[in-house]
Every structure is written in structure tokens, then in C-alpha cells.
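Here are my notes on this one, as numbered points. Have the model open beside you while you go through them.

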Amino acid sequence: MFEGLTGRLGDIFDKLRRRGALTEEDVSAALREVRVAMLEADVALPVVKQFVTQVKERAVGQEVLKSVTPGQQVIKIVHDNLVEMLGEGAEINLNAAAPVPILMVGLQGSGKTTSTAKIALRLKTKDRKKVLMASLDVRRPAAQEQLKVLGEQTGVATLPIVPGQDPVAIAKRAIETGRLEGYDVVMLDTAGRLAIDEELMAEVAAVRDATKPVETLLVADAMTGQDAVTVATNFNDKVGITGIVLTRIDGDARGGAALSMRQITGKPIKLLGVGEKIDALEPFHPDRIAGRILGMGDVVSLVEKAVETIDKDEAEKLARKMEKGQGFDLDDMAMQLKQLRKMGGMSGLMGMLPGIGKIKDQLKDANVDDGMIKRQEAIISSMTKAERKNPDLIKASRRKRIAAGSGTSVQEVNKLLKQFETMRGMMKQVQKLGKKGMLRGGLG
Ligand code: GDP
């Protein structure tokens, strides 16, 4: 996410930080570079202009240049302005009588149907809402079927398909079903087109008038950059939108759509699609995004993700084992690898860690990637139970067998065992500290 911009800004600010004192000219020079970096990231020109002017005013106007750490201060100003530019984070509005209608609009292929199911799942699990989904797409033959499959996957109800109905009739039936069967929310997934046309807009407007949605969410593909912003502007002019769901953020190295959207359309980004998986949806937090863009990391999201994914029972089991002074074994390591993978793997985590943008390429060279986690899990599962409990058993011939069994090489097996030794050493340290009482209560 936004790697390109993060790398460029990182270089610019490194230079700034290295200079002790800063003159106005230093700041101007840096901001000229920021301007180019943002334009290359496909941020809209008026947005870039306003941004650079504001940062400059604030940097020169305050006592920044005379301060002890002018470089840091300038970065903070950039950060705060990025947050402003991204707008406030906004929740989905459910303030209406049930069933609350939510209309999903956007171009075909933007991720509209996937996002509909992602949001429904989120409302169901996080907000404990009873959600009904309905596809109003009568043009693409498989569209209604696709939503039904997603409903089965997520355990969210979908409106039974009745062939031959037009979008407005389906929408009315969905609301009526929602009312009769006590649903909290009804999500209406409208048809998309490859490009905006009048017929599409008229159809969406007719559905809107028939259902009076509380939210009309425009789904746009972040990877299309400024086109996504144009699409949002068009939909807003023609049918009126209340918020934006920006998808494929996971593949968006530039960030232009995310950074321009709010200022150009005046509508808030509400959610980010960050992957193909059905739970790959994040609320939009401008301060965290700004932190990620500036390579300051997003430790808050990281911790939240950990709380959501980490298997508490497993973690407690390990903590108890450590407390009792029992050894860390390969089963424990396998469990930790699994947790790591569940949290989005290395690539997912790295974007959230401070300063990691710069060393990402090095990590890639060192083969610290998601494929490696899977291979390591395969290696451990090719060991016998006795070997996992007592890794010292694993001598040369066993290493060969394990490599063959897991489709890896002896070198990789050796590497894993070495890594295991390091982890075991660290666990021993923790245990020692624990005995001294320094970590009492802190391990659970
Ligand atoms: P629609 O035509 O707008 O309804 O688009 P779909 O929901 O069918 O999505 C089109 C493709 O984009 C599917 O293969 C989805 O898995 C994929 N997709 C949707 N959202 C995301 C996302 O946030 N990240 C990634 N990487 N893929 C996504």
C-alpha cells in the first residue's frame, strides 16, 4: 500500500532531518520534491497545490525553523496536513428505522459485489446486525448467483432470486422482505457498467427513489487512480453519494485516488478494501493512513489486528507453559507461524511497522516473504511428533527426510532449525526475567 510515495517521501525527509538548521530555502526545496512525488503518485493537481502551499505557510509561519528539530517539525506538519486532506474517518450510518437500506453503486469490476458481502459480514459480526443482501443486477446473468454464493460463504441471507423482475421491483421486494422478516439492514447491490452511461444513472436513481437509502456507497478501484475520482464525482453529481469504499488498496503503490478523493468529491472515504478475502476490509482512519504513507507505521492497526486474530487460548497455553518453565518446542513455533500468516503474513504486517518501507526490498532479498512462512509450516508438519517435541533429535538423515517430505531443501530445514534455536533462546530469557518477577502478570 502506497509504497512508491512512502519511499519517495522517506528520502526527502531523511535529507531534511540530516541537516541541523533549516532555512526557508531548504523547506521550499524539499516541498518542491514533495510536489513532484505527489504528482507521480497520481494525486490530483489542485490537491497537491493546496497541500504544498499550506505546509509551507505553516512551516515558515510558526517558530518551526528556529526550533531544535526543524526537520521533525516539518514532517509533523506534513503529517497533520495529510490527515486533513484525507478527511475525517466516518462510520457507516445506520441511523434510521429498520430495515436500513444501503445502496451500493459503482462501475463493473470495481469490487462492488465483493464489498457488499464484506460490509454485510462486518455489520453482522461487529455490529451484530441481521443483514439481507439483494443483487439488482439483471444484466449480467451470473451476478445474482455470485452474491448468493458470497452470502452462503459469509452466512448472510440473500433475497431469493425471482427471474424476470426489474431492479426497482427487486429492490422493493428486498425492503418488504426486510420489514416482514425483521432485518436490521438491507444491502442493495446495483448493476455496474464498464463506463458511466445515462441508462445506468437512471436505473440507480430509480432504485434510490424507490428505497430512500440512508447510505449510497460508491465503490471505486484505487488502482485506477484519478479515474476513480472522476467516477466518484460523476456518480455524486448524478445520483448523490454519501460515502466511498476504495478497493484494491492492497495493490495500490501510488495512493493518488485515496489522497485526492475527499477534497475533489467532498465525500468521505468510509472503508478500504485491502484484499480478495472476504474479511479484507478496513475502516478508514486518516491518521493511520498518513502514518503509513510517511513510513511512521500504523502500530494501532497492527495491535487491533493482533487482538482480532490471535487465538487467545493458544497464546495463553504458551504463556502458561513458559511460566511453568517448560521448553519452547517446534509445535509452539508452528502455532506462531500460523498466527503470523493469519494476520496477513509478512507483507501485510510490514506496511504497518514504522520505518519498514525502506528495508522492504532488503527483506525481499533475504526471502522473508509469505511463501517462506508456508514453507516453514510445511517443514514443521513433515516432522514426527517426537521430533517436534525434541528438536535435538533432528540429525542429518532426518533433515533430508523432512526436506523431501515438505518439498523444500536441507538448507531450508537447517535455516528453520536455526531460527527455532534463536526463538528458544529468547523464550529462555523471557522465562528468566519472569522468575525474577519482572514480568509477573505481563505474560497472559
Ligand atoms: P463488481 O463487478 O464491481 O461487482 O466486482 P467484484 O466484486 O466481482 O470484484 C471483481 C474482482 O475484484 C474480484 O476478483 C474480487 O475478488 C476483486 N476484489 C474486490 N475487492 C478487492 C480488494 O480490495 N483487493 C483485491 N486485491 N481484489 C479485490
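1. Taken over C-alpha atoms, the centres of domain 1 and domain 2 are 35 Å apart. Keep in mind that this is a predicted model. The bounds come from a domain assignment, which puts domain 1 at 3-86, domain 2 at 100-296 and domain 3 at 302-435.

2. How many residues of domain 1 are in contact with domain 2? There are 18 on the domain 1 side, meeting 19 residues of domain 2. On the domain 1 side, helix H1 (3-18) and helix H4 (70-86) each put in at least two residues. H4 gives the most, with seven residues. Sorted by class, that side of domain 1 has twelve nonpolar, four polar and two charged residues.

3. Those two helices also pack on each other. The angle between H1 and H4 is about 145°, and their axes are 7 Å apart. From H1 come Phe13, Leu16 and Arg17, which meet Gly71, Gln72, Val74 and Ile75 of H4. The class count for this contact is four nonpolar, two polar and one charged. As a reminder on helix geometry, an α-helix has 3.6 residues a turn, so residues three or four places apart point the same way.

4. Between H4 and E1 there is a loop that holds Pro99. A cis peptide bond joins Ala98 to Pro99, with omega at about -5°. I'd flag another backbone value too: Lys212 is not a glycine, yet has a positive phi, near 50°. Lys212 sits in the loop between helix H8 (198-211) and E5. For background, most residues other than glycine have a negative phi, and most peptide bonds are trans.

5. Now the sheet. Eight strands make up an open sheet with mixed pairing, and their order is E3-E2-E4-E1-E5-E6-E7-E8. Why do E3 and E8 each have one side without a neighbour in the sheet? Strand E3 (157-158) and strand E8 (281-283) are at the edges and have a single partner strand each, so one side of each stays unpaired in the sheet.

6. For one pairing in detail, take strand E1 (residues 100-106) with strand E4 (residues 185-189): they run in the parallel sense and share five bridges. Met104 stands opposite Asp189 in E4. Helix H5 (residues 112-125) packs on the sheet, and the strands it touches include E1, strand E2 (131-135), E4 and strand E5 (215-221). The direction of H5 makes about 170° with that of E4. Helix H6 (residues 143-154) packs on the sheet as well, touching E2, E3 and E4, and its direction makes about 160° with that of E2.

7. On annotation, UniProt lists residues 268-281 under "domain: SRP54-type proteins GTP-binding", in an unreviewed entry. In the model, the end C-alpha atoms of residues 268-281 lie 16 Å apart. The span is 0% helix and 43% strand.

8. Last, a quick geometry check on helix H13 (residues 312-323). At 1.5 Å a residue, its twelve residues should span 16 Å, and the end C-alpha atoms are indeed 16 Å apart, so the two values agree. Just after H13 comes Gly325, with a positive phi of about 80°.

Notes:
Residues are numbered from 1 along each chain as its sequence is written. This is a predicted model: local features need pLDDT of at least 70, side-chain atom pairs count only at pLDDT 80 or more; totals for chains, interfaces and linings use all residues. Two strands pair if DSSP finds at least two bridges between them. Helices (H or I, at least four residues) and strands (E, at least two) are DSSP runs, numbered from the N terminus. Two residues are in contact if their C-beta atoms, placed from the backbone, lie within 7 Å. Axes are lines fitted to C-alpha atoms, for helices over the stretch in contact, and angles run from 0 to 180 degrees between N-to-C directions. UniProt positions are given in the numbering used here, feature names are shortened, and annotations may be inferred rather than shown by experiment. The expected span of a helix is 1.5 Å times one less than its number of residues. Domain bounds come from an automatic or database domain assignment. Ala, Val, Leu, Ile, Met, Phe, Trp, Tyr, Cys and Pro count as nonpolar, Asp, Glu, Lys and Arg as charged, and the others, Gly among them, as polar.
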